[in-house]
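Here are a few exercises to work through with the structure in view. Try each task yourself before you read its solution.

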Amino acid sequence: MKKILYLLSIMFFLSCSNNQKKAEHEICKSIKSQMPEGWTYTPIKFSKLADVLSNINEDEKYKELKEKYDKIEYQYLYDSISSAENYKVDSITYGKDFADKIKIKPSSYERDLLARKINDLEVKYTPYKIGTGIIHTYICKTNFGDSLYLSKYVFDDDFKIKKIYNNSISIDSDSVNNIIDEVRKSEDFDINKDHDYLWYYVNN
């Protein structure tokens, strides 16, 4: 029984290792195929292959509500500022009593309704697996300067890239070696978080 468990654990380890190499190979191939002639790609680090969960920010219903909310919120803020300015002018010109009587307060009903709907979706949302993924950190040297990339790659069951989330920042050529050292020494970031970690390498 122990031998069987040992063999199974070895097979699982080899399978994971093989999948990791497949994913890294696909990433490198994808980057190199899109690079113009004369540019240089320097891979620095690959995170361990992990399950990638869905994000509410990509839910169609959520995006629709957020878009509506942002437009209404902008208009509400504009109307609020305009109302406050008009109130000041009217108070100086006609007196505070008159300004109080004609003051128009923007309605927040529609904005608050959308805010409640968005909050309700956020509370009820349950992330689900959409594939496996890797965070790859690399440097791209171009004719216009150097850039540090921290990109998330999501794969389907056949290890074909289905989504890429690119994040980049310009860096000084003189800092490349220090940045490479920092990246390689750092722990893997959580693939299911949206935080921008590039500042960490540039400012350390």
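For the sorting below, Ala, Val, Leu, Ile, Met, Phe, Trp, Tyr, Cys and Pro count as nonpolar, Asp, Glu, Lys and Arg as charged, and the others, Gly among them, as polar. Keep in mind that this is a predicted model.

**Exercise 1: the overall layout**

Work out how many helices and strands the chain has, and in what order the elements run.

Solution. Start by counting: there are 6 helices and 6 strands. Next, read from the N terminus, and you get α-β-β-α-α-α-β-β-β-β-α-α. Finally, look at burial: of the 204 residues in the chain, 30% are buried.

**Exercise 2: the cavity**

Find the largest cavity and describe its lining.

Solution. First, the search: the structure holds 1 cavity of 30 Å³ or more, and the space in the largest cavity comes to about 60 Å³. Next, the walls: 10 residues line the largest cavity, with Lys45, Ile135, Thr137, Asp188 and Phe189 nearest its centre. Strand 1 (40-46) and strand 3 (129-142) each give at least two residues to that lining. Now sort the lining residues by type, and you end up with 4 nonpolar, 3 polar and 3 charged.

**Exercise 3: a salt bridge across the sequence**

Say which parts of the chain are tied together by lysine 45 and aspartate 188.

Solution. Begin with the contact: the two side chains, lysine 45 and aspartate 188, form a salt bridge at 3.4 Å, N to O. Then place the partners: lysine 45 sits in strand 1 and aspartate 188 in the loop between helix 5 (176-185) and helix 6 (198-202), so the pair ties together parts 143 residues apart in sequence. Last, check the cover. Buried means under 20% relative accessible area. Lysine 45, with 15%, is therefore buried, while aspartate 188, with 38%, is partly exposed.

**Exercise 4: two salt bridges of helix 2**

Compare where the partners sit in the pairs lysine 63–glutamate 60 and glutamate 73–arginine 111.

Solution. Take lysine 63 and glutamate 60 to begin with: their side chains meet in a salt bridge of 3.2 Å, N to O. They are 3 residues apart in helix 2, which means about one helical turn separates them. Lysine 63 is partly exposed at 37%, and glutamate 60 is exposed at 55%.

Now for glutamate 73 and arginine 111, whose salt bridge is 3.3 Å, N to O. This pair links distant parts of the chain, with glutamate 73 in helix 2 and arginine 111 in helix 4 (residues 109-124), 38 residues apart. Both glutamate 73 and arginine 111 are buried. Salt bridges with shared partners also join Glu73, Arg111 and Asp112 into one network.

Terms used
Residues numbered from 1 in each chain as written. Predicted model: local features only at pLDDT ≥ 70, side-chain atom pairs only at ≥ 80, totals over all residues. Heavy atoms only, no water. 1 Å grid on protein atoms, 1.4 Å probe; cavity = no way out; pocket = protein on both sides within 12 Å on 5 of 7 lines; lining within 4 Å. Points joined across faces, edges and corners; volume = space filled by probe spheres on them. Helix = DSSP H or I, 4+ residues; strand = E, 2+ residues; numbered from the N terminus. Buried < 20%, exposed > 50% of the residue type's maximum accessible area, 1.4 Å probe, protein only. Salt bridge = Lys/Arg side-chain N within 4 Å of Asp/Glu carboxyl O.
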